[in-house]
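Here's a protein to wander through, starting with the whole fold and then zooming in on a few spots. Keep the sequence and the 3D view open while you read.

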Amino acid sequence: MALRVIPVVESRFKLDGGAMFGVVPKTLWSRGAPADDENRVQLVCRVLVVVYDDGRLAVVDAGIGESWSGKDRAIYRLEPAGGLSTALARLGRSSGDVTDVILTHLHFDHAAGIVRPDGSLRFARATHHVQKANLAYARKPSAKDEASYRPETIEALEGARLRVLDGPGEVLPGIHARLSNGHTKGLQVISIDSTSGLIVFASDLIPTRAHVHLPWLMAYDNHPLKVIAEKDALFFHCAVEKATLVLAHDPEVAAVRVGFQGDRWLAMAVDLPA
Ligand SMILES: [Zn+2]
């Protein structure tokens, strides 16, 4: 069985630079991520398409989707989210051919794309794989991150073919999950044994290349010290396994390899053969 992994920019959007980099001073983060006149930085929603040679077709995260009001589109400077449909069309497939949707967590920029603007499921025939802890938390989030969970997404899942995973382990043949709780509860980091080697998709645990530096955290993270420990452990794993780390939100760099030099982890951009 061979798995081909294709990273896809589903959409482009902007978030407040301070929220993306937490306590890091703007004088430092703005060198790599210049802020616009409203202090927002450019981001993307990057998702994965996984093509099996036996016909199975999976996506990891569904992106931000198209169910957004004009006001929201302006706040997030959201650009049309057609990237995933285009990528599937290039493969001669469509959203109806997707057999499996693996959601790292249910924050809107990773999961809102499972719903069409009319409220129906975008991947109607697919099994949606979510972690039990994240699903439970999404139904009753904290005041801190409730704005990141959209009720429409959770409601849509109720009507979907749903597989609730309880902890780490195999999600699909060649695809495994490990759990992370620092960013939000029950986030699943996805590892794929692909034809290009081991691919790790860390979702919001490592959103951009800049966040490879351990103390660079997002203000969105619920448990910052946990994020630091989880990043450190994941980088060690990636370095030992020579894994390629795909970045969910970096607007320029899709994938990196990590290595420890001096006193810190460093990221080197790599090409991921499509
Ligand atoms: Zn998130």
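## A walk through the fold

Buried residues make up 47% of the 274 residues in the protein. Here, a residue is buried if 20 or more other C-beta atoms lie within 10 Å of its own, exposed if 12 or fewer do, and partly exposed in between, with C-beta atoms placed from the backbone. One thing to know early: this is a predicted model, where local features need pLDDT of at least 70, side-chain atom pairs count only at pLDDT 80 or more, and totals for chains, interfaces and linings use all residues. Residues are numbered from 1 along each chain, as its sequence is written.

What is the chain built from? The protein has 8 helices and 13 strands; these are DSSP runs numbered from the N terminus, with helices being H or I of at least four residues and strands being E of at least two. Its radius of gyration is 17 Å, close to the 19 Å that the globule rule gives for 274 residues, so the protein is as compact as a globular protein of that length. (That radius is taken over C-alpha atoms, and the rule is 2.2 Å times the number of residues to the power 0.38.) Along the principal axes, the C-alpha atoms fill a box of roughly 45 × 45 × 35 Å.

Now for contacts, meaning two residues whose C-beta atoms, placed from the backbone, lie within 7 Å. Among contacts between residues at least 6 apart in sequence, 69% join residues at least 24 apart.

**The core.** In soluble globular proteins, nonpolar side chains tend to be buried together. A nonpolar core is a set of buried Ala, Val, Leu, Ile, Met, Phe, Trp, Tyr and Cys residues joined through C-beta atoms within 7 Å. In this protein the largest one holds 82 residues, and V59 and L245 touch the most other members. Strand β2 (residues 40–52) gives the most to this core, with 8 residues. Leaving aside neighbours within four places in sequence, L245 is in contact with V200, A202, I206, C238, A255, V256 and V258.

**Helix α8.** C238 takes us to α8, where it is one of the buried residues, along with V227, E230, K231, L234 and F235. They cover an arc of only 135° around the axis (going by the directions from the helix axis to the C-beta atoms), which puts them on the same side of α8. On the other side, L225, A233 and V240 are exposed. What do the buried residues of α8 pack against? Their partners are strands β8 (175–180), β9 (187–194), β10 (197–201), β11 (244–246), β12 (255–261) and β13 (264–269). After α8 comes K242, whose phi is positive, near 50°.

**Two more positive phi values.** Neither residue in this table is a glycine.

| Residue | Phi | Loop | C-beta neighbours within 10 Å |
|---|---|---|---|
| N39 | near 65° | between α2 (26–32) and β2 | 14, partly exposed |
| D61 | about 70° | between β3 and α3 (70–75) | 27, buried |

**One last stop: L57.** This residue lies in strand β3 (residues 57–60). Is L57 buried or partly exposed? With 19 other C-beta atoms within 10 Å, L57 is partly exposed. Beyond its neighbours within four places in sequence, L57 is in contact with V51, Y52, R93, D97, V98 and T99. L57 and L135 are 78 residues apart in sequence and 23 Å apart in space, C-alpha to C-alpha.
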